[in-house]
Amino acid sequence: MTSGRRWVQAWRGGAYLLRSLATGVATLLALPLLCHPRRARRWANWHRDRAGRLLETPLASRPALRATGRRAWADPAAPRDLLWLPVNAITAVPLGLLALLCVGNLLTAAIATPLWWAFAPQDRPRLFIDIPVTSWATALTLGPLQIVLLTALAYLAFAPIARAHARICLVVLSHSAAEQLADRVAVLTRTRADVLDAHGAELRRIERDLHDGTQARLVAIAMRLAVARRALSGNPRNEQFLEGLLRDAHEGTEEAMTELRDVIRTVYPPILADRGLTGALTAVTARCGVPTRLDIDNLETVPAAVESIVYFAVAEALTNVAKHSQATTAGVRVSHTADRLSVVITDNGAGGADDRLGTGLAGIRRRVLALDGTVEVDSPAGGPTTITMELPCGL
């Protein structure tokens, strides 16, 4: 894991812990108000969403309780929602206090200690490591040392502590087997609906390309050949006119064939059938406008549907790298483990990739989800960008 990624995780973990401290205190203060199934459900769903985002495993929220009275208390998930109230208070307050003490002492060491020495000489402060501030040398030397120690503590501890609290939350609020099955069905239904929409749009695009492009060119070719035939039958010596018609017909045929090949490639690239996934990815990386390294490890037989998705996803991702990332190098690593195919695409560009900005990531995500795969995008501002795809191969 890169240092930049670790710092991002430490920052997110610290923010998560500080917010957890606030929610733990709020739970203690408002416990009587929260001890109702409907309010506990909303509180639990909010925490599940937070934990899922931190662990990058977003989960579907339980539906809000509509029932009242005994029917609300009889909901199968109500006991877990209510159990989370004391568990959150017990875990969030001490863990959040650790983060608060660390951040508070960082601010003290960075700002307050030198100022206290300068403006309050009668009441000398002590550093976090319990060394009295007796001179400017102590204030300006041991203060930075305290900053380094606390920063290292935050760097190493914030992320794992925050993930531990998030896992506790998901364990307490985990779905029952029936709820997990319902969630799974909902996810599959949504992804299949997206696939059908994408498939319909793709068919419409192919029909439009064939109708407006290839078909129009073939009609024009047929008309030119018909005119040439009539001209030949009426005036055999009109060679220049016939030569022009035949030349146009020949050029139109070449253009129509080129367009037809382009359409065919969007359906199933012939290079996959000719050279397999390894050869196809080699060609894609070689054509990329950014120097790209390709590593393929233990690539066994892969289903055709997975090959096609990987090919188009890598091609789209590298196109984005060349167009938008300002990168100087990129890499593609493909590995096959058990029944999963893993694809990792990296670049050293400016980062900031977001599938909501129309950069092609949304299309990649739809293709991968169609086969029940997963896509993770790590692209902080300033880079680097890492796109990780995993697809099942036991189809």
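This briefing describes a five-stranded sheet, the helices beside it, and some backbone details of the chain. The model is predicted, and the protein chain averages a pLDDT of 76, with 66% of the residues scoring at least 70. Within the protein chain, confidence is highest in strand E3, at 90, and lowest in helix H7 (residues 177-234), where the mean is 65. Where pLDDT is low, the predicted coordinates should not be read in detail.

**Sheet**

- Five strands form an open sheet, arranged in the order E1-E2-E3-E5-E4, and the pairing among them is mixed.
- Strand E1 (292-297) and strand E4 (374-378) stand at the edges, and because each has a single partner strand, one side of each is left without a neighbour in the sheet.
- From one strand to the next, the twist averages 10 degrees.
- Helix H10 (residues 304-325) packs on this sheet, where it touches E1, strand E2 (330-337), strand E3 (340-347) and E5, and the direction of H10 makes about 10 degrees with that of E3.

**The pairing of E4 with E5 and the hairpin**

- Strand E4 pairs with strand E5 (residues 385-392) in the antiparallel sense, over five bridges.
- Asp378 has Thr386 of E5 as its bridge partner, while Val377 stands opposite Ile387, which is also in E5.
- The hairpin of E4 and E5 has six residues between the strands, and in this hairpin Gly382 takes a positive phi near 95 degrees.
- The peptide bond from Gly383 to Pro384 is cis, with omega near -5 degrees, and Pro384 has its place in the loop between E4 and E5.

**Helices H10 and H11**

- The axes of H10 and helix H11 (residues 361-370) come within 10 Å and cross at roughly 165 degrees; since angles over 145 degrees count as roughly antiparallel, H10 and H11 are therefore roughly antiparallel to each other.
- The crossing of H10 and H11 is left-handed.
- On the H10 side the contact is made by Ile309, Phe312, Ala313, Glu316, Ala317 and Asn320, and on the H11 side by Leu361, Ile364, Arg367 and Val368.
- Sorted by class, the contact of H10 with H11 has seven nonpolar residues, one polar residue and two charged residues.

**Backbone after H10**

- Gln326 lies in the loop between H10 and E2, and its phi is near 60 degrees, which is a positive value in a residue other than glycine.

Definitions and conventions:
Residues are numbered from 1 along each chain as its sequence is written. This is a predicted model: local features need pLDDT of at least 70, side-chain atom pairs count only at pLDDT 80 or more; totals for chains, interfaces and linings use all residues. Side-chain values use heavy atoms; hydrogens and water are left out. Two strands pair if DSSP finds at least two bridges between them. Helices (H or I, at least four residues) and strands (E, at least two) are DSSP runs, numbered from the N terminus. Axes are lines fitted to C-alpha atoms, for helices over the stretch in contact, and angles run from 0 to 180 degrees between N-to-C directions. Contact means heavy atoms within 4.5 Å. pLDDT is the predictor's confidence in each residue, from 0 to 100. Angles under 35 degrees count as roughly parallel, over 145 as roughly antiparallel, 65 to 115 as roughly perpendicular and the rest as oblique. A crossing is left-handed if the near helix is turned anticlockwise from the far one by less than a right angle, and right-handed if clockwise. Ala, Val, Leu, Ile, Met, Phe, Trp, Tyr, Cys and Pro count as nonpolar, Asp, Glu, Lys and Arg as charged, and the others, Gly among them, as polar.
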